[in-house]
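Work through the exercises below with the coordinates open. Each task is followed by a stepwise solution.

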Amino acid sequence: MNKKPADGGDKSLPRPVIHEDYCKGCGRCIAACPKHVLRFKSTLNRRSVKPAEYVGEGCIGCGFCFYNCPEPFAVEVHTPDKKTR
Amino acid sequence: MNIKQSVGFYDTFERSGSPTRDTHYCAGCGHGILHKLICEALVDLGLQDRTVMVNPIGCAVFGYYYWDVGNIGAAHGRAQAVATALNRTLPGRVVIAYQGDGDLGAIGFNCTFQAASRGEHFATFFVNNATYGMTGGQLAPTTLIGQKSATSPAGRSAAHEGYPLHVCETLDQLQAPVYIARCSLADTKRIMQARQAIRKALEIQRDGKGYAFVEFLSPCPTNLGMDAIQAAGFVANEMEREFPLKCFRDRSAEAEPLPAPVPAPSPSEFFAGDAADAPVAGDDDFVEKRMKFAGYGGQGILSLGIAIAEAGRFAGRQASWFPSYGPEQRGGSASCTVVLSAKSIGSPDATHPDVLVCMNRPAFERFAPTVRPGGLLICDTLAGVTPAEAPAGVRFVQVPATELAEKLGVPRAANTVMLAALATLGATGLPREQLLAALDASFAKKPKLIPVNRKIFEEAGAWCREHLARAGG
């Protein structure tokens with residue numbers, strides 16, 4: 001069920017993990033991101049919409065994308081624990 | 001690793017065909033945002049395992065596929081009534097009614113208003129998107145002035161469609177609600193305010209303090225004909241102008257926990273006064289009798305039925321009396337059905353009565369064809385029914401009830417004559433003494449009428465013995 005997220009961000013830094021097959025391409029997360037590090041992917045997902053994707057750097061782990069996303073399982077925000085950073 | 005992700009949802013949604021992990025909502029819909037906030041709060045507050053969500057009719061009708069709590073679906077607009085029942089029958093649960101503006105603000109508004117006025121102990125999450133989403137964008141009570149909808153294509157006009165309904169402001173007139181707030185799902189700041197309001201409403205439930213109502217202005221991109229960002233902008237700008245975001249009331253600090261609801265009595269407890277009349281033990285061979293009495297209002301039809309039901313109770317039977325009459329106190333057609341049984345009575349109606357008493361012609365025409373074959377049909381002679389008209393296979397008896405009552409000086413006692421006829425014919429399966437006792441009891445408030453009715457009963461009985469043979473005899 002869970003496809004491996006295609007994010008590509010540095011795992012030692014905060015980053016959004018987008019499950020693109022559950023993304024409906026509404027763009028709420030992109031508009032909400034204070035760092036403007038989300039964008040529409042250039043290719044279509046299985047629903048034939050362009051899902052959101054992480055540009056790969058600049059995420060501060062604020063979680064705004066998560067709270068703006070209407071889909072329960074389309075986006076997660078991973079934030080490394082401070083001691084492991 | 002700290003992972004911010006949805007909690008409180010089922011792992012997969014078994015909606016149709018193969019399980020999925022996406023919702024049925026349109027792209028950019030506010031429902032999903034709100035679902036996530038509610039589920040997160042239920043998990044964080046440790047309430048998930050004792051929460052029951054009342055699902056509405058509307059776009060959120062499928063909520064039960066998503067949120068991993070107890071779920072129940074309510075008829076359109078009736079979520080507040082169902083939530084009331086849940087709260088009263090399942091104390092200790094956290095009950096949530098989740099409804100949209102059509103369900104809560106239109107068809108179900110009185111339910112909402114009354115539940116809020118009673119201060120029922122549950123939380124209401126009200127999703128206001130200013131349109132009917134599921135049915136295709138018709139005018140809602142909350143549609144803005146000037147807003148185009150499928151049923152207001154030129155835009156809502158106050159002259160034609162009235163003004164938008166302000167639900168929070170209306171409920172704020174009531175005494176009982178503990179918490180009333182309006183939030184928005186338009187952007188992060190507002191979503192975070194909504195998140196706090198949800199927690200507040202659920203804490204009030206956790207602490208047993210009463211009715212909490214939170215409205216959420218929510219984007220419906222599909223029916224607004226906008227993309228998700230434009231729709232969020234419409235909510236933040238246009239909708240908020242009409243529906244300002246506000247905490248209308250927060251009495252959570254001073255509100256005392258409500259007393260535990262009084263458990264509803266079971267039917268046998270409720271009818272405890274009848275317990276003394278439980279069927280006579282070892283009397284299971286009593287053949288159930290279904291009797292119908294019909295005529296026009298004022299002929300004592302309903303009283304006759306009550307007297308026989310009472311006699312049944314005196315004799316230790318189960319008895320039901322089921323009236324049917326028009327709004328008129330006098331005149332108009334009236335009928336009642338009496339069932340006597342040794343066991344609890346399932347239905348108080350009689351599709352095919354064993355005994356039918358008709359006091360007039362219309363009653364005969366309406367009910368005579370329904371009498372069970374082998375049953376008994378008694379008509380007042382004044383109904384003018386000829387034996388040839390009586391249904392085949394049914395014993396037909398005419399009693400000059402009105403005429404005898406008039407002759408005996410009490411024209412309104414035609415029903416007492418009929419009671420005597422039933423007693424003489426043995427039609428009720430009840431002893432004569434019990435019928436007579438019930439006749440006395442029916443005049444308990446006018447005791448001076450007892451002797452004259454007893455006299456009529458005796459005289460009518462004598463007439464019947466002279467003119468009619470016993471049923472089956």
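**Exercise 1: the seven-strand sheet**

In E5(B), Phe126(B) is the bridge partner of Gln99(B). The model is predicted: local features need pLDDT of at least 70, side-chain atom pairs count only at pLDDT 80 or more, and totals for chains, interfaces and linings use all residues. Residues are numbered from 1 along each chain as its sequence is written, while chains are lettered from A and ligands numbered from 1 in the order in which they are written.

Task: Start from this bridge and find how strand E4 and strand E5 of chain B pair. Then place them in their sheet.

Solution.
- Step 1. Strand E4 (residues 94–100) and strand E5 (residues 123–128) of chain B pair in the parallel sense, over five bridges. Strands here are DSSP runs (E, at least two residues), helices are runs of H or I with at least four residues, and both are numbered from the N terminus. Two strands pair if DSSP finds at least two bridges between them.
- Step 2. The order in chain B is E3-E2-E4-E5-E7-E6-E8, an open sheet of seven strands with mixed pairing.
- Step 3. Strand E3 (70–73) and strand E8 (246–250) of chain B are the edge strands, and each pairs on one side only.
- Step 4. On average, neighbouring strands of this sheet are turned by 20° against each other, direction ignored.
- Step 5. Helix H7 (residues 188–206) of chain B packs on the sheet. H7 touches E4, E5, strand E6 (179–184) and strand E7 (212–217) of chain B. The direction of H7 makes about 155° with that of E6(B). Axes are lines fitted to C-alpha atoms, for helices over the stretch in contact; angles run from 0 to 180 degrees between N-to-C directions.

**Exercise 2: a strand with two buried faces**

Task: Which residues of strand E12 (residues 355–358) of chain B point one way, and which the other way?

Solution.
- Step 1. Val355(B) and Val357(B) point one way. Leu356(B) and Cys358(B) point the other way.
- Step 2. All of these are buried. Buried means that 20 or more other C-beta atoms lie within 10 Å of the residue's own; exposed means 12 or fewer, partly exposed is in between, and C-beta atoms are placed from the backbone.
- Step 3. Strand E9 (residues 289–296) of chain B runs parallel to E12(B), joined by four bridges. Lys292(B) has Leu356(B) as its bridge partner.
- Step 4. Strand E13 (residues 376–380) of chain B also joins E12(B) in parallel, through four bridges. Here Cys358(B) is bridged to Cys379(B).

**Exercise 3: the chain A–chain B contact**

Task: How many residues does the contact take from chain A and from chain B? Trace the strands that cross it.

Solution.
- Step 1. Chain A gives 24 residues and chain B gives 28 residues. Two residues are in contact if their C-beta atoms, placed from the backbone, lie within 7 Å.
- Step 2. On the chain A side, helix H1 (28–32), helix H2 (64–68) and strand E4 (75–79) each supply at least two residues.
- Step 3. Three bridges join E4(A) to strand E1 (residues 2–4) of chain B, and the two run antiparallel. Thr79(A) is opposite Asn2(B), and Val77(A) is opposite Lys4(B).
- Step 4. The result is an open sheet of three strands, E1(A)-E4(A)-E1(B), with antiparallel pairing. Its edge strands are strand E1 (15–18) of chain A and E1 of chain B. The twist averages 25° from one strand to the next.
- Step 5. Check the scores: the model has ipTM 0.91 and pTM 0.74.

**Exercise 4: Leu165(B)**

Task: Why does Leu165(B) count as partly exposed?

Solution.
- Step 1. Locate Leu165(B) in the loop between helix H5 (158–161) and helix H6 (167–171) of chain B.
- Step 2. Leu165(B) counts as partly exposed because it has 18 C-beta neighbours inside 10 Å.
- Step 3. Leaving aside neighbours within four places in sequence, Leu165(B) is in contact with Gly105(B), Pro141(B) and Thr142(B).
- Step 4. Leu144(B) is 21 residues from Leu165(B) in sequence, and their C-alpha atoms are 9.2 Å apart.
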